[in-house]
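Trainee: I am new to this structure and would like a close look at a single part of it. Could you pick up one residue and lead me outward from there?

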Amino acid sequence: MFSQASVFMLILLLVAIVAKNQSLLVAVVFLLVIKWIGLGEKLFPLVQQKGINIGVTIITIAVLTPIVTGEIGFKQLGEAVRSSYAWVALGAGVLVAIIAASGIDLLKSDPHITTALVFGTILSVAVFNGVAVGPLIGAGIAYFFMRIIHFFTHLGG
């Protein structure tokens with residue numbers, strides 16, 4: 001009746017509902033509808049290939065919106081650089097962007113890692129009231145720790 005993939009997605013839908021995670025809910029429903037109306041063969045390769053870049057573009061648009069609306073301008077920027085917390089935030093923003101870039105490389109070179117990231121995200125949302133921030137930063141953090149492990153395992157030889 002249902003394929004294994006559909007059952008898996010329905011379980012994720014249930015988790016999204018229980019965890020009240022709107023992003024996961026919308027994503028699962030979107031993908032199931034695409035699959036069930038028969039557009040999957042055409043759209044899934046495009047989503048898989050370009051989805052991360054499209055998502056990053058949408059996030060960038062959201063981040064830049066306060067600038068274009070006038071909520072953030074040069075005055076706020078000037079005030080921010082006088083705050084030590086703003087410098088911490090600036091550094092964190094740079095660090096996260098660098099880590100996320102490594103995440104993109106990891107997801108491209110080792111796509112099966114996405115499965116573990118999805119499970120980790122779902123677990124965090126469902127059990128710990130976490131927020132699903134997407135696989136990029138998760139993959140970036142995973143890459144960072146993988147490099148540390150690689151460094152220490154190859155230290156002696």
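**Starting from one leucine**

Mentor: Happy to! L77 sits in helix α4, and please keep in mind that the model you see is predicted. L77 belongs to a nonpolar patch on the surface, together with F74, V81, W87, L90, V94 and I98. Together these residues have about 770 Å² of accessible area. Two elements, α4 (74-80) and α5, each give two or more residues to the nonpolar patch. The largest share comes from α5, with four residues.

That makes α5 a good next stop. Its end C-alpha atoms are 38 Å apart, which agrees with the 38 Å that its 26 residues should span at 1.5 Å a residue. The helix also has a buried set of residues: I99, A100, S102, G103, L106 and L107. Here a general point about helices helps: an α-helix has 3.6 residues a turn, so residues three or four places apart point the same way. Try following the buried residues of α5 with that in mind, and then look at what they pack against, namely α3, α6 and α7.

Let us move on to one of those partners, α7. This helix covers residues 135-153, 19 residues in total, and reaches 26 Å from its first C-alpha to its last, close to the 27 Å expected at 1.5 Å a residue. Its buried residues are L136, I137, A139, G140 and A142. Among the elements that cover them are α3 (40-68), α5 (84-109) and α6 (113-128). In this way α5 turns up again, now as part of the cover for α7.

Next come some aromatic rings. The structure holds two aromatic pairs. One of them joins F144 and F145 edge-to-face, with 5.5 Å from centre to centre and 70 degrees between the planes. F144 counts as partly exposed because its relative accessibility is 44%, and F145 is also partly exposed, at 47%. The other pair is made by F151 and F152, again edge-to-face, with centres 5.2 Å apart and 80 degrees between the planes. With 48% relative accessibility, F151 counts as partly exposed. F152, at 55%, counts as exposed, because the cut-off for that word is over 50%.

F152 also gives us a way across to another region. The C-alpha atoms of F152 and V28 are 39 Å apart, and the two residues are separated by 124 residues along the chain. V28 is found in helix α2, and it counts as buried because its relative accessibility is 2%. Leaving out residues up to four places away in sequence, V28 touches M9, L12 and L13.

A second buried residue to look at is S6, which lies in helix α1. Its relative accessibility is 2%, so S6 counts as buried. Apart from neighbours within four places in sequence, S6 is in contact with L32, K35 and W36.

Finally, look at the loop between α1 (4-19) and α2 (22-36), where you will find K20. K20 is exposed, with a relative accessible area of 75%. Its C-alpha atom and that of N129 are separated by 9.5 Å, although the two residues are 109 residues apart along the chain.

Key:
Residues are numbered from 1 along each chain as its sequence is written. This is a predicted model: local features need pLDDT of at least 70, side-chain atom pairs count only at pLDDT 80 or more; totals for chains, interfaces and linings use all residues. Side-chain values use heavy atoms; hydrogens and water are left out. Rings of Phe, Tyr and Trp (its six-membered ring) pair if their centres lie within 6.5 Å; planes under 30 degrees apart count as stacked, over 60 as edge-to-face and the rest as tilted. Buried means under 20% relative accessible area, exposed over 50%, partly exposed in between (1.4 Å probe, protein chains only). The expected span of a helix is 1.5 Å times one less than its number of residues. Contact means heavy atoms within 4.5 Å. Patches are made of residues with over 30% relative accessible area and no salt bridge: like charges are joined within 9 Å, nonpolar side chains (Val, Leu, Ile, Met, Phe, Trp, Tyr) within 5 Å. Accessible areas come from the Shrake-Rupley method with a 1.4 Å probe; for residues, only the protein chains shown count as cover. A salt bridge is a side-chain nitrogen of Lys or Arg within 4 Å of a carboxyl oxygen of Asp or Glu.
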